[in-house]
Number of protein chains: 2
Amino acid sequence: MIPTLEWTPAGVNFPASIRFLDQTKLPHEETYVLATTYDEVATVIRDMIVRGAMAIGVSAAMGVALGIDRSTATDIPTLNKEVAVICDTLAATRPTAVNLFWGIAQVRDLYNQLAAANTPIPEIKKQVVALAQRLYDEDIANLRILGAYGAALLPDSGTILTHCNAGALAACGYGSALGVIRAAIEAGKKIDVFADETRPFNQGTRLTAWELLKDNIPTTLICDNMAGYFMGQGRIKAVIVGADRIAANGDTANKIGTYSVAILAKEHGIPFYVAAPFNTIDPATPNGAAIPIEQRSAREVTHVNGVQVTPTGVGIQNPAFDVTPAKYITAIITERGVLRAPFTDSIAKAATN
Amino acid sequence: MIPTLEWTPAGVNFPASIRFLDQTKLPHEETYVLATTYDEVATVIRDMIVRGAMAIGVSAAMGVALGIDRSTATDIPTLNKEVAVICDTLAATRPTAVNLFWGIAQVRDLYNQLAAANTPIPEIKKQVVALAQRLYDEDIANLRILGAYGAALLPDSGTILTHCNAGALAACGYGSALGVIRAAIEAGKKIDVFADETRPFNQGTRLTAWELLKDNIPTTLICDNMAGYFMGQGRIKAVIVGADRIAANGDTANKIGTYSVAILAKEHGIPFYVAAPFNTIDPATPNGAAIPIEQRSAREVTHVNGVQVTPTGVGIQNPAFDVTPAKYITAIITERGVLRAPFTDSIAKAATN
């Protein structure tokens, strides 16, 4: 079990905290960062110590719960003001993954309900903390169901290409895209993985390769620009990626480069699957054009291991995500089943299940 | 003028040599490597101290000339044997760029002719050295003509995407793809460049950005996986790349990732141009399937600046080139004019010009 994030309950001498595996230090160091305030959780999310839509969602929920749990407010009106600040702070960390807002909303909605009923503050604290922990458990449970649905779609043997890390490290465990691969292997399929490096943050190099090797899943790292070559060679049987936000029409925001891989898959007649828990689908986002794309620091491109690799003065662009239009997506794999085009219909139907 | 490579004639106290700008040290250091034997030239090519099809071609020609010039043979039969070894050594450095074999053949053919005529060895030396230097001059002259042809194809303003480095650093000067951009700017067009990083050797980051900034051409570096995103945004007006070998049917081998960019360009309706001197076209290669693809060391992928970035144990693939089928190519720009589909015909016709 990969310990992406973990709630640490308060003890006699210490408050509750959240322990994060520091993903910026992988694959070379397995070190942890302990967040003891909601502000520290915000920093952990912003600095990508934790990343991946599902992990961000649960981290944000835990962050709100931690903020409430650590509050010294003695009356509901004061706590109401604090909760607003806590939620705003966490919501301002990263714009693209809708799971962040979902996680915040889950805890805030419960809080609002309890506060409106004038629930005693200690009881509110107990209940929001319990909810955050339940979301953690549900994340893993949902991904195991999703994995089983997805495993049936993969071939009995062959190489699957993935981009970025939609693995245990991007969730509370198991993973979405990599969860499907794990489930396929657990079902006896002979699958090996090609992982794109995923510049500039190198999630493929640092995270996907690391966690798949831990599970003894055969993994080959390729540069992002090699995916087309190996598709042309007939080497890739399917592509499977995660998602940071899926619009109501199926358009999918995911790590920069996903759009290119989807076009390459289409050109080669290779199925392109998106694997994501249902809370990654945002009914309030009508289509991909409405998804905000985070622009991250130029330094992620200019520096590798703290060393500048670019000539000084060159312009840099660093969009962290792109949007893959629904037309390139063979199926969206969720814990509510496998959704297919027309996605507007299949998503709406699954939402009522 | 960027001093990619330069023949240094013999002096009173020192033999002839070839001076190479060490491209593995760019963009941070401008240092030089002096090759004083053909063996050292072979090492310089193999280690990519000099790289780029055109530069490799002239380097190989100069390498053969240097080997002959430095020979202590006093009779033609002895020199014949040495020349065979010299040519074989240089031919074994890198397999994909046909210019290497072209450059060797140019000097070897002249040598064979002079040797068959029992030309005195000092005269042979003089003539092969003069030929190698003439090939250097012709490379630049051809690229200026090529650039003028290509400039007419580019829009009056906008962003051009390039992959790898087909610039002055890939030739004796000016460049093929970047020569077209230089010529367009010299003609008053308002062009700026997006340069792909070009993993794993980072020619875009280290070389293209460096040489364009030297010429004050506005340049933005993007990761390889961002090209599709910017095409989707309408940001890219045209793509222009170089070539390492063009088959008789127009299929083009170029740096790994070129094939993916060509597919993305097609999907977005963006013109995709190949710029290469005519000696990059190999009539003996019927199509792309016949082009050998060099597989380079895993270390180029696993290490950045000498530091390992991958988890130990992951598989690595490192094909250095891919083949873009002719159907994705809008036009091939040469010093003999702009060739268009059907390329088998346009290439054959240009060959007789």
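## Strand β6 of chain A

Let's start in the middle of things: in strand β6 (residues 219–222) of chain A, A:Thr219 and A:Leu221 point one way while A:Thr220 and A:Ile222 point the other, and all are buried. This fits a general pattern: the side chains of a regular strand alternate between the two faces of the sheet. Please keep in mind that this is a predicted model.

What does β6(A) pair with? One partner is β5(A), and the two run parallel over four bridges. Here A:Leu221 of β6(A) is the bridge partner of A:Ala195. The other pairing crosses to chain B, where β6(A) and strand β14 (residues 315–316) are parallel, with two bridges. A:Leu221 appears again in this pairing, with B:Ile316 in β14(B) as its bridge partner.

## A sheet that takes in both chains

These pairings belong to an open sheet of eight strands with mixed pairing, in the order β17(A)-β16(A)-β10(A)-β7(A)-β4(A)-β5(A)-β6(A)-β14(B). The edges are β17 (337–339) of chain A and β14 of chain B; each has a single partner strand, so one side of each is left without a neighbour in the sheet.

Further along, strand β4 (residues 157–162) and strand β7 (residues 236–241) of chain A run parallel and are joined by three bridges. Within this pair, A:Leu161 has A:Val239 in β7(A) as its bridge partner.

## Asp196 and the way out of β5

β5(A), helix α7 (residues 203–214) of chain A and β6(A) together form a right-handed β-α-β unit. A:Asp196 is part of strand β5 (residues 190–196) of chain A. Which side chain of opposite charge is nearest to A:Asp196? It is B:Arg199, 11 Å away; A:Asp196 is buried and has no salt bridge, for which a nitrogen and a carboxyl oxygen would have to be within 4 Å. Beyond its neighbours within four places in sequence, A:Asp196 has contacts that include A:Leu161 of the β4–β7 pairing and A:Leu221 of β6(A), as well as A:His163, A:Cys223 and A:Asp224.

The loop between β5 and α7 of chain A has two backbone features to look at. A:Thr198 lies in this loop, and its phi is positive, about 70 degrees, although it is not a glycine. Is A:Thr198 buried or exposed? It is buried, with a relative accessible area of 0%. A:Pro200 is found in the same loop, between β5 and α7, and the peptide bond leading to it from A:Arg199 is cis, with omega near 0 degrees.

## Backbone details elsewhere

A:Asn118 also has a positive phi without being a glycine, in this case near 55 degrees. It sits in the loop between α4 (98–116) and α5 (121–151) of chain A, and A:Asn118 is exposed, with a relative accessible area of 60%.

In chain B, a cis peptide bond links B:Leu26 to B:Pro27, with omega about 5 degrees; B:Pro27 is in the loop between β2 (17–21) and β3 (32–35). Helix α6 (residues 177–186) of chain B is mostly covered, with eight of its ten residues buried, among them B:Leu178, B:Val180, B:Ile181 and B:Arg182. After α6(B) comes B:Gly188, with a positive phi near 95 degrees.

## How the two copies relate

A turn of 180 degrees and a shift of 0.0 Å along the axis lay chain A on chain B with an RMSD of 0.0 Å. The two copies are thus related as by a two-fold rotation axis. Of the interface residues of chain A, 100% are also interface residues in chain B, so the copies meet through the same surface.

How values were computed. Residues numbered from 1 in each chain as written. Chains lettered and ligands numbered in written order. Predicted model: local features only at pLDDT ≥ 70, side-chain atom pairs only at ≥ 80, totals over all residues. Heavy atoms only, no water. Buried < 20%, exposed > 50% of the residue type's maximum accessible area, 1.4 Å probe, protein only. Lys, Arg positive; Asp, Glu negative; His and termini not counted. Contact = heavy atoms within 4.5 Å. Pairing = 2+ DSSP bridges. Right-handed = clockwise from strand over helix to strand, strands pointing away. Least-squares fit on C-alpha atoms with pLDDT ≥ 70 in both.
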